[in-house]
Amino acid sequence: MSHPTTIQDRTPEFRSILAQAQKSLARQRKPGSAQSQPLLPPSSQPNGAATPPTRKQRSEFARNAAGIGRGIAGTMGKLQRLGELAKRKTLFDDRPVEIAELTYVIKQDLAGLNQQIGALQQLQRQTGGSQAAGGKSGEGREEGEHNKNVVVLLQDRLAGVTVNFKEVLEVRTKNIQASRSRQDNFVSSVSQQSQQQGSTAARLDPGRTDSPLYNTTPNRGRSPKPGQQQSSTPQPQQQQQQQQDVLSLDPNPSSGGALYQSNPASQHQLQLMEEGAGPSNTYIAQRGEAIEAIERTIGELGGIFGQLAQMVSEQSEQIQRIDANTDDVVDNVEGAQRELMKYWSRVQGNRWLVAKMFGVLMVFFLLWVLVAG
Amino acid sequence: MKILYIGILRNEEKPAIELCAERDLSSYSRFTRTSVGEFMSLFSKTVAERTRPGQRQDVEEQSYTFHAYARSEGVAGIIISDQEYPALVAHQLLGKILDEFLAKYPRSAFSGAAKECPFPALKEYIVKYQDPGQADSIMKIQKELDETKIVLHKTIESVLERGEKIDSLVAKSDGLSAQSKMFYTQAKKQNSCCSVM
């Protein structure tokens, strides 16, 4: 195709070609032939009802494809705007609401475009199927291939837009991290503790800890949250990483009470920013805790498996000793049996000799007694 | 622990309007059901009005907890549950429901007049999430991991028993081999001494 951005509607050209083909077919057509089917056939043809709808469907296909192309172009424009917003690294002019709305709108658009492309693909398959049954060999095949190419092209471009979207979201979270860390250079972590005491939300759940350690992490989790809470997995993992980083870097939080009175101005500032986000921080913190608990459990399981493997390998060495012992036993017993067999055979063989010797001796003894007596 | 009510309300203007709701009032007697249902709607409207967009809230009242989550589009989801129900699961459910609702009805559908937007998926959700341990994936994973840990502990105990049995086997085979050696030497001695009859 020659146009990468728009879908060309070539229906009028196709119609003219069909008219020519119809004329040539009408000239060649034998009566009663089921092979060649005219384009606008009489009702005797079995697929007669199918072909007029295919013409409508083809132009409908082109219309749908054009609509999808326009949608993709619009979404790319919005994505560009979102990218610009995300790249801004200012400390205070961040516009989370706009970014969140843009993100949401782009996501909806992508979902809608996906659906439309799916419908278009089905439509294309239907038209391809009915064309194959209708037997419009030459032009029908090309049209079908054109449609297939169109669908593939649209899918590719949608995939490209989705990938760009994900990249922009990642850039945004990185910038948020950087800006929060810069902010924390100016403001101490204690002010969040005071804000926590001042928050008026209803009694939070017992699972939530009040330590400032967990308060600093929601600070960073807040801005990515509004637009990206429902988004894919990179987000919670990144938030977890942020939490881990803070937990390792955070200096002595328990001395907060002494520092509390020292910087009321910055506390106010942070309070104003954090006010609306208290309970949502709880939610994120809770999720983080739950996931950390799962991680810990899995680690313990790993340790248990290791112990199991160690014990089994120790026992295998003992089993080898048992094996060696039993082999020795077998050898010894076999040797003993051989000796006994030898002895037995000797005794067996000796019996007659012994009996004869005894008999001769007894005879000599009797003779000696007779001679002596 | 159970969910009593799931509702989606429009909280852009002062009297919040209930767009769709599902109740599970099987734990109340037949006579009090209607009044309890009305109270639930009333309270959820109040809570929704007080929840700002982009905010999650948990309100406790007598023995019930209201989990609220307001989106920036002007709709809020409310779940009324008892106090045992984990808030994390409730908020996850709220996020999921609101996503589906907003995907189904674009902003124009409910920002006009106060129309009812039927959302049958709520019924399935309220039934499915009555047992959070089954429905929520994090809790399911945690439960399975705990079971696996128990199984592993039992395995280690049986391996220890096996170790003891193997020890006794080693001792016995040692004794057996010593005795068979003696047997062999005795037999050999029998053979060498010639003058025994």
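Residues are called buried when their relative accessible area is under 20%, exposed when it is over 50%, and partly exposed in between, using a 1.4 Å probe and protein chains only. By this yardstick A:Arg81, at 33% relative accessibility, counts as partly exposed. The structure described here is a predicted model, in which local features need pLDDT of at least 70 and side-chain atom pairs count only at pLDDT 80 or more, while totals for chains, interfaces and linings use all residues. Residues are numbered from 1 along each chain as its sequence is written, chains are lettered from A and ligands numbered from 1 in the order in which they are written, and side-chain values use heavy atoms, with hydrogens and water left out.

Chain A is a good place to begin. Its secondary structure consists of eleven helices and zero strands, where helices (H or I, at least four residues) and strands (E, at least two) are DSSP runs numbered from the N terminus. Of the 373 residues in chain A, 36% are buried. Contact here means heavy atoms within 4.5 Å. Among the contacts in chain A with a separation of 6 or more, 80% are accounted for by residues 24 or more positions apart. An unreviewed UniProt entry lists residues 352-371 of chain A as "transmembrane region"; UniProt positions are given in the numbering used here, feature names are shortened, and such annotations may be inferred rather than shown by experiment. In the model this span is 100% helix and 0% strand, and its end C-alpha atoms lie 28 Å apart.

Salt bridges come next. The term covers a side-chain nitrogen of Lys or Arg within 4 Å of a carboxyl oxygen of Asp or Glu, and by this rule the count over all chains is eight. One of them pairs the side chains of A:Arg10 and A:Glu13, with an N to O distance of 3.7 Å. A:Arg10 is partly exposed, with a relative accessible area of 46%, and A:Glu13 is also partly exposed, at 45%. Another joins the side chains of A:Arg81 and A:Glu84, again with 3.7 Å from N to O. Both of these residues belong to helix H2 of chain A (residues 51-87), where A:Arg81 and A:Glu84 sit three residues apart, about one turn of the helix. A:Glu84 has a relative accessible area of 48% and is therefore partly exposed. The pair does not stand alone: A:Arg81, A:Glu84 and A:Glu98 are linked in a network of salt bridges.

How do the two chains meet, and how many residues of each are in contact? On the chain B side there are 53 residues, in contact with 47 residues of chain A. The area buried between the chains is about 4,500 Å², of which carbon and sulfur atoms give 62%; buried area is the accessible area (1.4 Å probe) that two parts lose on being put together, summed over both. Across this interface the rule finds one salt bridge. It brings together the side chains of B:Lys149 and A:Glu300, at 2.6 Å from N to O. A:Glu300 is partly exposed, with a relative accessible area of 41%.

Polar contacts are pairs of N or O atoms within 3.5 Å; within protein, one atom must be able to donate a hydrogen and the other to accept it, and residues adjacent in sequence count only if both atoms are side-chain atoms. Between chain B and chain A, seven residue pairs are in polar contact, both at pLDDT 80 or more. On the side of chain B that touches chain A, strand S3 (56-61), helix H2 (87-104) and helix H6 (137-192) each supply at least two residues. The largest share, 31 residues, comes from H6(B). One residue of helix H6 of chain B is B:Ser177. Not counting residues up to four places away in sequence, B:Ser177 touches A:Asn325, A:Asp328, A:Val329 and A:Asn332, and at 12% relative accessibility B:Ser177 counts as buried.

Finally, B:Tyr5 lies in strand S1 of chain B (residues 3-10) and is buried, at 0% relative accessibility. Beyond its neighbours within four places in sequence, B:Tyr5 contacts residues including B:Glu18, B:Met40, B:Ser44, B:Ile79 and B:Ile126. The side chains of B:Tyr5 and B:Ser44 share a polar contact of 3.3 Å. B:Ser81 is 76 residues from B:Tyr5 along the chain, yet their C-alpha atoms are separated by 7.0 Å.
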